[in-house]
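Subject: Structure handover

Hello,

The structure we discussed is below, with the sequence. My notes on it follow.

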Amino acid sequence: MALYVFYGEEDFLRDYNSNKIINESRLANPAMNLVKLSSENMDKLIANCEQMPFMDEKKVIYVKD
């Protein structure tokens, strides 16, 4: 498991690096293993962290704000 935190005032750099990690993760099934959430959905975040990836080795959970 890896955790990446991008913090700062430069929206472009945060979005660029986040998208770079998502694209380089090469998910076999991104519809099932790429989850985008806002920080307001803590229950969904916890539930997704506890779930295993579906027919893939990785799962990417992207939380913004």
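Val5 counts as exposed, because its relative accessibility is 67% and the cut-off for exposed is over 50%. Please keep in mind throughout that this is a predicted model. Val5 lies in the segment before helix H1, which covers residues 11-24. Together with Leu3 and Tyr7, Val5 makes a nonpolar surface patch of about 480 Å².

Helix H1

The length of H1 agrees with expectation: its 14 residues should span 20 Å at 1.5 Å a residue, and the C-alpha atoms at its ends are 20 Å apart. After H1 comes Arg26, which has a positive phi near 45°.

Aromatic and charge-ring contacts

How many aromatic pairs does a search of the whole structure find? The search returns one. The pair is Phe12 with Tyr16, and it counts as stacked because the ring planes are at 20° with the centres 6.0 Å apart. For reference, the cut-offs are 6.5 Å between centres for a pair and under 30 degrees between planes for stacking. Phe12 and Tyr16 are about one helical turn apart, because four residues separate their positions in helix H1. An α-helix has 3.6 residues a turn, so residues three or four places apart point the same way. As for exposure, Phe12 has a relative accessible area of 60% and is exposed, whereas Tyr16, at 44%, is partly exposed.

A charge also sits over a ring in this model: the charged end of Lys36 is placed over Tyr62, 5.9 Å from the ring centre.

Salt bridges

Side chains of opposite charge can pair when their charged atoms come close. Searching the whole structure gives two salt bridges.

One of them joins Arg14 to Asp11, with 2.4 Å between the closest N and O atoms. Both residues are in helix H1, and they are about one helical turn apart because their positions differ by three residues. Arg14 has a relative accessible area of 23% and is therefore partly exposed. Asp11 is also partly exposed, with a relative accessibility of 45%.

Another salt bridge is formed by the side chains of Asp15 and Lys64, at 3.6 Å from N to O. Which parts of the chain does this pair link? Asp15 belongs to helix H1 and Lys64 to strand E2 (residues 60-64), so the contact ties together distant parts of the chain, 49 residues apart. Asp15 is partly exposed at 28% relative accessibility, and Lys64 is partly exposed at 37%.

Chain as a whole

The chain contains three helices and two strands, in the order α-α-β-α-β along the sequence. Taken along the principal axes, its C-alpha atoms fill a box of roughly 35 × 25 × 20 Å. Of the 65 residues in the chain, 17% are buried, where buried means under 20% relative accessible area.

To recap the contacts of H1: this helix holds the stacked pair of Phe12 and Tyr16, the salt bridge between Arg14 and Asp11, and the Asp15 end of the salt bridge to Lys64 in strand E2.

Regards

Note on methods. Residues numbered from 1 in each chain as written. Predicted model: local features only at pLDDT ≥ 70, side-chain atom pairs only at ≥ 80, totals over all residues. Heavy atoms only, no water. Patch = residues over 30% accessible without salt bridge, like charges linked within 9 Å, V, L, I, M, F, W, Y side chains within 5 Å. Areas by Shrake-Rupley, 256 points an atom, 1.4 Å probe, with all protein chains shown as cover. Salt bridge = Lys/Arg side-chain N within 4 Å of Asp/Glu carboxyl O. Buried < 20%, exposed > 50% of the residue type's maximum accessible area, 1.4 Å probe, protein only. Expected span 1.5 Å × (residues − 1). Phe/Tyr/Trp six-rings, centres within 6.5 Å; stacked < 30°, edge-to-face > 60°. Lys NZ or Arg CZ within 6 Å of the ring centre and 35° of its normal.
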